[in-house]
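Trainee: Got a minute to go through this one with me? I'd like to begin with the charges.

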Amino acid sequence: MRLVVVVLRPAQLEIVRGALARVQVTRMTICDAQGYEEPSSPGMLVQQALVEIAVNDDFLERTVEAIA
């Protein structure tokens, strides 16, 4: 069992969810988060989405490929 944690821009969330659904990964936890996106603008927090997916070893590779 592996825990895959992904931090995305909110605009990318539905694209990634669709890609994961195509490889039959549908159970995940999605949370709102804030983080630093650009190193050139220190101190500026941006809205992000945090996705946590627990998968067994058989689904790990396809999960990572779908996210990429």
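Mentor: Lys and Arg count as positive here and Asp and Glu as negative, while His and the chain ends are left out. Keep in mind that this is a predicted model.

Trainee: OK, so how many positive and negative side chains does the protein have, and how far apart are the centres of the two sets?

Mentor: There are 6 positive and 9 negative side chains, and the centres of the two sets are 6 Å apart.

Trainee: Which ring has R62 over its face?

Mentor: That of F59, with R62 at 4.1 Å from the ring centre.

Trainee: And how many aromatic pairs are there?

Mentor: Zero in this structure.

Trainee: Switching to the fold. What pattern does the protein follow along the sequence?

Mentor: The order is β-α-β-β-α, which comes to two helices and three strands. The C-alpha trace spans about 40 × 20 × 20 Å along its principal axes.

Trainee: What share of the contacts with a separation of 6 or more comes from residues 24 or more positions apart?

Mentor: Those residues account for 60% of them.

Trainee: Now Q48. Where is it found, and is it buried or exposed?

Mentor: Q48 is in strand β3, residues 45-55. Q48 counts as buried because its relative accessible area is 12%, and the cut-off is under 20%.

Trainee: Which residues does Q48 touch, leaving out those up to four places away in sequence?

Mentor: Among them are V7, L8 and P10, along with C31, Y36 and E37.

Trainee: What percentage of the protein's residues is buried?

Mentor: Buried residues make up 24% of the 68. The protein exposes about 4,900 Å², with 52% of that supplied by carbon and sulfur atoms.

Technical notes. Residues are numbered from 1 along each chain as its sequence is written. This is a predicted model: local features need pLDDT of at least 70, side-chain atom pairs count only at pLDDT 80 or more; totals for chains, interfaces and linings use all residues. Side-chain values use heavy atoms; hydrogens and water are left out. Rings of Phe, Tyr and Trp (its six-membered ring) pair if their centres lie within 6.5 Å; planes under 30 degrees apart count as stacked, over 60 as edge-to-face and the rest as tilted. A charge sits over a ring if NZ of Lys or CZ of Arg is within 6 Å of the ring centre and within 35 degrees of the ring normal. Helices (H or I, at least four residues) and strands (E, at least two) are DSSP runs, numbered from the N terminus. Buried means under 20% relative accessible area, exposed over 50%, partly exposed in between (1.4 Å probe, protein chains only). Contact means heavy atoms within 4.5 Å. Accessible areas come from the Shrake-Rupley method with a 1.4 Å probe; for residues, only the protein chains shown count as cover. The place of a charge is taken as NZ of Lys, CZ of Arg, CG of Asp or CD of Glu.
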